[in-house]
Amino acid sequence: MAIESPHTEFHRSDILGGVQPDSPVGFDTCIAEAGWSRLTAGKVTTLQVNVGKRCNQACAHCHVDAGPNRTEEMTYPTVLQVLNAIERFGIPTLDITGGAPELNPNFRYLVSRARSLCSSIIVRHNFTVQFTAGNEDLPAFFRDNGVEVVASLPCYTRETTDEQRGKGVFAQSISAMRRLNEVGYASTCTGLLLNLVYNPVGASLPGNQMELDEEFRSQLQEKYNLTFNNLFVLANMPIARFRTYLRRAGLLESYENELRSSFNPAAVDRLMCRSMVSVSWDGRLYDCDFNQMLGIGPTPGLPSTIEHLDERFMQGRRISTGGHCFGCTTGSGSSCGGQLLPGT
């Protein structure tokens with residue numbers, strides 16, 4: 001079932017998040033006070049690739065502004081450049097995202113080829129894409145290629161999930177999760193990983209990841225006999241579609257202030273941008289997925305496209321920052337792999 005994107009008038013400041021290079025009171029000042037002269041990358045272990053913005057859903061919190069009417073998608077030549085970069089630099093993890101990445105016609109080729117090049121392939125999955133034409137066999141395809149599935153599920157209740165993602169999404173998500181369990185995902189016998197992603201609904205910060213994991217686990221097991229490996233808890237970024245919601249609700253300033261006031265310097269060392277290179281659907285390079293969506297490119301003088309990726313980008317590069325970086329360093333920290341400091 002495709003969920004139609006609601007008509008939304010976006011202002012340029014909504015799409016870009018109003019983010020400009022840091023002011024003297026911005027993120028760079030905070031990390032300097034925490035002892036960091038500048039934010040730099042360590043060794044790159046993950047290539048995160050956004051293969052397009054087309055999606056069968058139009059979620060209220062989406063920082064990509066993805067939806068059924070988006071047409072941007074990674075072409076076959078760019079896919080080849082991605083594979084070439086993985087092989088040249090021995091990057092162990094390929095993290096594929098979108099939109100719904102499975103809707104890109106080159107998606108299966110990318111996964112199949114990368115299987116022999118990477119030790120880990122992650123696909124950011126929305127569950128309901130399994131019910132779109134030609135994707136009914138996705139669980140088996142994932143299994144056969146040893147894919148780690150990271151699937152979004154805003155809540156274990158129908159009401160909250162459908163509020164954020166659209167009517168009928170919860171029921172389809174439960175059915176899709178069951179299909180993955182049936183082919184061996186989240187089973188100790190297979191080693192196939194199924195991780196869930198939780199984003200809060202509305203203008204609030206996420207709760208404790210460990211506590212939410214236990215809650216999700218017990219509810220899904222008791223009510224639906226479903227299992228998963230880990231729950232990743234992410235903070236919503238005040239950019240794109242979620243920023244529009246905050247602005248219209250009069251909550252933007254208070255939410256941004258809450259992110260800033262909850263800055264945790266202990267999270268800086270574990271930021272995903274320090275071990276990741278992000279690639280957009282058109283092959284451009286970024287320090288992270290959020291910089292990609294905001295159009296904040298790498299430090300001047302570094303390669304700007306996957307075709308020209310070189311050693312300068314792979315370790316020690318200076319990371320471009322902005323006010324949105326508080327979203328990754330708030331509280332226990334937040335990343336594509338969940339909270340950075342789960343015990344705090």
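**Group meeting: cysteines, core, rings and backbone**

Let's start with a cysteine. Cys30 is buried, at a relative accessible area of 16%. The cut-off for buried is under 20%, so Cys30 falls inside that class. Keep in mind that this is a predicted model. What does a disulfide search of the whole structure return? It returns 0 disulfides. For Cys30, the nearest cysteine sulfur belongs to Cys325, and that sulfur is 11 Å away. A disulfide needs the two sulfurs within 2.5 Å, so this pair does not count. Cys62 is buried too, with 14% relative accessibility.

Next, confidence. The average pLDDT over the protein is 90. Of the residues, 92% score at least 70. The stretch to treat separately is residues 1-24, where pLDDT stays under 50. The model still gives that stretch 59 contacts beyond four places in sequence.

Now the core. The largest nonpolar core has 97 residues. Which of its members touch the most others? They are Val82, Phe142, Leu196 and Leu220. Helix H3, residues 76-89, makes the biggest contribution to this core, with 6 residues. Another core lies apart from that one. This other core has 5 residues, including Ile122, Val150, Val197 and Leu234.

Let me pick out Phe142. Leave out residues up to four places away in sequence. Then Phe142 touches Glu102, Phe107, Val123 and His125, among others. Val147, Val149, Leu180 and Tyr185 are also on its list.

On to the aromatics. How many aromatic pairs does the structure hold? There are 11. Take Tyr76 and Tyr109: their rings are 5.4 Å apart, centre to centre, with 55° between the planes, and the pair is tilted. Tyr76 sits in H3 and Tyr109 in helix H4, residues 107-114, so this pair ties together parts 33 residues apart in sequence. Are these two tyrosines buried or exposed? Neither class fits: Tyr76 is partly exposed, at 37% relative accessible area. Tyr109 is partly exposed as well, at 29%.

Now another ring pair. Phe170 and Tyr224 have ring centres 5.9 Å apart and planes at 65°, so they count as edge-to-face. Phe170 is in helix H7, residues 169-182, and Tyr224 is in helix H8, residues 209-224, so the pair links parts 54 residues apart in sequence. The burial of the two partners can be read off directly. Phe170 is buried, with 1% relative accessibility. Tyr224 is partly exposed, with 23%.

There is also a ring cluster. Ring pairs join Phe27, Phe263 and Phe326.

Two arginines sit over rings. The charged end of Arg108 is over the ring of Phe141, 4.8 Å from the ring centre. Arg217 lies over the face of Phe228, and there the distance to the ring centre is 4.3 Å.

Now two residues in one loop. Lys53 is in the loop between strand S1, residues 46-50, and H3. Lys53 is buried, at 15% relative accessible area. Beyond four places in sequence, Lys53 contacts Val64, Ala66, Gly67, Arg70, Glu72, Gly99, Trp281 and Met293. Its C-alpha is 20 Å from that of Pro154, which is 101 residues away along the chain. Asn69 is in the loop between S1 and H3 as well. Asn69 is exposed, with 57% relative accessible area. From Asn69 to Ser112 the C-alpha distance is 27 Å, across 43 residues of sequence.

Last topic: backbone geometry. Gly98 and Gly99 are joined by a cis peptide bond, with omega about 25°. Gly99 lies in the loop between strand S2, residues 93-97, and H4. Recall that Gly99 is one of the contacts of Lys53.

Then the positive phi values. Ala186 is not a glycine, yet its phi is positive, near 70°. Ala186 is in the loop between H7 and strand S5, residues 194-198. Ala186 is buried, with 17% relative accessible area. Ala240 has a positive phi of about 50°, and it is not a glycine either. Ala240 is in helix H9. At 6% relative accessibility, Ala240 is buried.

What are the buried residues of H9, residues 240-248? They are Ala240, Arg241, Phe242, Arg243, Thr244 and Leu246. Two arginines are on that list: Arg241 and Arg243. After H9 comes Gly250, with a positive phi near 70°.

That's it from me.

Technical notes
Residues numbered from 1 in each chain as written. Predicted model: local features only at pLDDT ≥ 70, side-chain atom pairs only at ≥ 80, totals over all residues. Heavy atoms only, no water. Core = buried A, V, L, I, M, F, W, Y, C linked by side-chain atoms within 4.5 Å. Buried < 20%, exposed > 50% of the residue type's maximum accessible area, 1.4 Å probe, protein only. Helix = DSSP H or I, 4+ residues; strand = E, 2+ residues; numbered from the N terminus. Contact = heavy atoms within 4.5 Å. Phe/Tyr/Trp six-rings, centres within 6.5 Å; stacked < 30°, edge-to-face > 60°. Lys NZ or Arg CZ within 6 Å of the ring centre and 35° of its normal. pLDDT = per-residue confidence, 0-100.
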